[in-house]
Structure formats: C-alpha cells, structure tokens
Amino acid sequence: MHRLYVKDDITVFWDSEVCRHAKQCVGGAPQVFDITRRPWIDLSRGDSAQIWQAISKCPTGALGVTYNHGITVEFDEKEQRSIATINGEVIGECDSSADENGWVIYHTHVLPEYEGKSVAKRLVYCMIEAAERRKVNITATCSYAARILNRS
Ligand code: SF4
C-alpha cells in the first residue's frame, strides 16, 4: 500500500510493503504516528520539523518526506492521471492507460526547472494511491514508476 500525506509545507510518503514496524517513527512523534489509529499518520498533530526528524529515523525507508515548494499534486479522475501544478500552471504529470488487467503507468514527466524537488515521486505515489483506493491493479512500463511500485 502506498499513501501520501500532505501538510502545508511537506508531503510524507509511506510504503507499507517496506514498513517493518520498527516503530522508530512512533517514538519520534507519537501524536503523529499512531499504529492504533486509522489513518495511522496524522500530520496535523505535529510540526514539520518534528515530523521530518522522526521520519529520518525510519530504518527501512518506508517513510519519506519532501518539501512541497508550493507545488500541488492531485489526481485527475477524468484523464486518469496525476498532475502537478504551481500557480495554476501544469508542471508535471504521470499518465496511465487502462486495460483488462488494470491501470498501466506509461509516462512520468516533470519540467526540467522543477527537477530535484521529488515532484515525480509525488506524482507516481498519487497515481498508485488512486488505483489502490479504487481496488484497481496497477503496473508500470515507465521505469521510474516501476521502481517505486516494485521496491519491496
Ligand atoms: S520507523 Fe519506518 S519501518 Fe518502522 S514503523 Fe515507522 S515507517 Fe514502519
């Protein structure tokens, strides 16, 4: 399971397949990471610096975090893609097609001037989460997306 959690200035990534419940994150920010709660991550309960520090202690890389840089990432239901925008301008997208086996991510692209800001990772996580929430199988021919999908 892949999940994105967004707070004003940061986005947190969580990959349950990699999570080994060493609970380092819980110890670092117990009000934010609570495995008895659903959803178990609630970014509104901590400040960004504390959350960042707790995530840096995750021993498996199941958790990741990035600054948002004012960029919004959302799922576009009509086009079955995720898009990244800043001030209304589209600066990146992750595209998928559908076949009898589910969705296939075939393309992920971010404008060169926005590279290095984890936008592509946010786009791919957004696509995967959208498929998982709809219980649709998802695969990737895009090599970048495939690496995220097949990490475990
Ligand atoms: S520290 Fe990492 S591996 Fe451990 S419970 Fe938290 S997310 Fe999972």
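Colleague: Two residues are in contact if their C-beta atoms, placed from the backbone, lie within 7 Å. Using that, how many residues of domain 1 are in contact with domain 2?

Modeller: Nine residues of domain 1 touch nine residues of domain 2. Before we go on, this is a predicted model: local features need pLDDT of at least 70, side-chain atom pairs count only at pLDDT 80 or more, and totals for chains, interfaces and linings use all residues. Residues are numbered from 1 along each chain as its sequence is written.

Colleague: Got it. Where do the two domains run?

Modeller: Domain 1 covers 2-67 and domain 2 covers 72-151; domain bounds like these come from an automatic or database domain assignment. Taken over C-alpha atoms, their centres are 21 Å apart.

Colleague: Which strands of domain 1 do the touching?

Modeller: β1 and β2 each supply at least two residues of the side that touches domain 2. On naming: helices (H or I, at least four residues) and strands (E, at least two) are DSSP runs, numbered from the N terminus. That side of domain 1 divides into three nonpolar, three polar and three charged residues. Here Ala, Val, Leu, Ile, Met, Phe, Trp, Tyr, Cys and Pro count as nonpolar, Asp, Glu, Lys and Arg as charged, and the others, Gly among them, as polar.

Colleague: Cool. What sheet do β1 and β2 belong to?

Modeller: An open, three-stranded one with the order β1-β2-β3 and antiparallel pairing. β1 and β3 are its edge strands, each pairing on one side only, and the twist averages 20° from one strand to the next. For pairing, DSSP has to find at least two bridges between two strands. For angles, axes are lines fitted to C-alpha atoms (for helices over the stretch in contact), and angles run from 0 to 180 degrees between N-to-C directions.

Colleague: How many bridges are there between β1 and β2?

Modeller: Six, with β1 (residues 2-7) and β2 running antiparallel. They form a hairpin with two residues between them. V6, for instance, has T11 in β2 as its bridge partner. On to β3: five bridges pair β2 with β3, again in the antiparallel sense, and W14 stands opposite L63 in β3.

Colleague: Is β2 mostly covered or mostly open?

Modeller: Mostly covered: five of the six residues in β2 (residues 10-15) are buried. A residue is buried if 20 or more other C-beta atoms lie within 10 Å of its own, exposed if 12 or fewer, and partly exposed in between, with C-beta atoms placed from the backbone.

Colleague: Switching to the other sheet. What is the strand order there?

Modeller: Five strands make an open sheet, β4-β5-β6-β7-β8, with mixed pairing. β4 and β8 stand at the edges with a single partner strand each, so one side of each has no neighbour in the sheet. Ignoring direction, neighbouring strands are turned by 25° against each other on average. β7 (residues 102-110) runs parallel to β8, joined by three bridges, and W103 stands opposite I138 in β8.

Colleague: And which strands does α3 lie across?

Modeller: α3 lies across β4, β5 (81-86), β6 (89-99), β7 and β8, running at about 165° to β7. α3 also lies across β1 and β2, at about 120° to β1.

Colleague: What about the stretch between β3 and β4?

Modeller: N68 is in that loop. N68 is partly exposed, because 18 other C-beta atoms are within 10 Å. Although N68 and T11 are 57 residues apart in sequence, they are 6.3 Å apart in space, C-alpha to C-alpha. Leaving aside neighbours within four places in sequence, N68 is in contact with D9, I10 and T11.

Colleague: Any odd backbone spots?

Modeller: Most residues other than glycine have a negative phi, and most peptide bonds are trans. H69 isn't glycine, yet its phi is near 55°; H69 sits in the loop between β3 (63-67) and β4 (72-76). K135 is no glycine either and has a positive phi of about 55°. K135 counts as exposed because it has 7 C-beta neighbours inside 10 Å. There's also a cis peptide bond joining R38 and P39, with omega about -10°. P39 is in the loop between α1 (24-28) and α2 (48-56).
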